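Here are some notes to read beside the structure, written as numbered points. Please keep the view open and find each element as it is named.

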Amino acid sequence: MSFKDYRSDQKLIERIRNAVRSDSVSHAYIFEGDTTVDLTKFSLDFIKAVLCEEEKGVGCGRCVMCRKVDHGNLEDLYIVEAEYNSGKTVKSVRDDAVAELQTKLKTKPNLTRNIALIKDADTLTLRAQNRLLKTLEEPTPGTVIILLSNNSENLLDTVRSRAVKYHVYGDLTDESDLTYANELFNLIFENADFFTLKESLQKHIKNRDDAFYLLDSLEKVARNVIVNDSSMMEKKRERIIESITYIEEARRDLIYKVSFMNALKNLILKI
């Protein structure tokens, strides 16, 4: 797959295509999106667009570069991921991982350019961000650093200011991973009783990550209804629009460490 297969984010993809074709690729990018968006997949398709030998700015999926990215054996691609602390309670991208990455980025690329992909970038420790800042300020020529984030506000202003930020929305009509969110949304808007909704939540949501994913999914379902379901919008317009506000309030509750189940119970009571 490549950018030519996307139905969504067409304006963003066009900007990327133009930048690649005019040799204006930045040394650093932040790709931000909610937890329902596969940012890793988008970033790999971006890398193919940058490196492709046949369809520059798009990615052909057939050339040596594209196949190396697809098969996970591109020599000049360095991927950094968050790791759990010793107590297995918190995941973060640590300073030593960034230090190791910096050493690799200083080496001469085997092919055309070195590329770094930092997943869960909003979990970078403060020390790791300050270390990374040095590379963002003085990158080795040709290097591209990609930060993937669900909430770039967790990054230092100095880090954000040295990268091109793009928000990736994903396809509003893609239902592949929204099954439970659709089910819960329908239960809520069919006025199911609170205990039925609570039992449903307890069955499907087991931790804080599940809760964040559900909130993002519910927001996407609500937007799908706004865009595609005129009959439901006519009947419940105000309630559907208000639901997005309540979803954002529940997300803030989760960020501020309110119990994930209490945040979700409060949400269904409000809607």
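1. Before turning to the strands, it helps to fix one term: two strands are said to pair if DSSP finds at least two bridges between them. Please also bear in mind throughout that this is a predicted model.

2. With that term in hand, look at strand β2 (residues 77-80), which pairs with β5 in the parallel sense over four bridges. Within this pairing, the residue of β5 that serves as the bridge partner of I79 is L117.

3. On to the next pairing, where strand β6 (residues 144-149) and β5 run in the parallel sense and are joined over four bridges. Here L117 has I146 as its bridge partner in β6. Between these two strands the chain passes through helix α5 (residues 126-137), and this β-α-β crossover from β5 to β6 is right-handed.

4. Are the residues of strand β5 (residues 115-118) buried or exposed? I115 and L117 on one side are buried, as are A116 and I118 on the other, and both faces of the strand are thus covered.

5. Two packed helices are described by the angle between their axes and the distance between the axes. For helix α2 (residues 39-51) and helix α3 (residues 64-71), the axes come within 9 Å and cross at roughly 160°. Because angles over 145 degrees count as roughly antiparallel, α2 and α3 are therefore roughly antiparallel to each other.

6. The crossing of α2 and α3 is right-handed. As for the residues involved, L44, I47, K48 and L51 in α2 meet M65, C66, V69 and D70 in α3.

Methods. Residues are numbered from 1 along each chain as its sequence is written. This is a predicted model: local features need pLDDT of at least 70, side-chain atom pairs count only at pLDDT 80 or more; totals for chains, interfaces and linings use all residues. Side-chain values use heavy atoms; hydrogens and water are left out. Buried means under 20% relative accessible area, exposed over 50%, partly exposed in between (1.4 Å probe, protein chains only). A crossover is right-handed if, with the strands pointing away from the viewer, the path from the first strand over the helix to the second runs clockwise. Axes are lines fitted to C-alpha atoms, for helices over the stretch in contact, and angles run from 0 to 180 degrees between N-to-C directions. Angles under 35 degrees count as roughly parallel, over 145 as roughly antiparallel, 65 to 115 as roughly perpendicular and the rest as oblique. A crossing is left-handed if the near helix is turned anticlockwise from the far one by less than a right angle, and right-handed if clockwise. Contact means heavy atoms within 4.5 Å.
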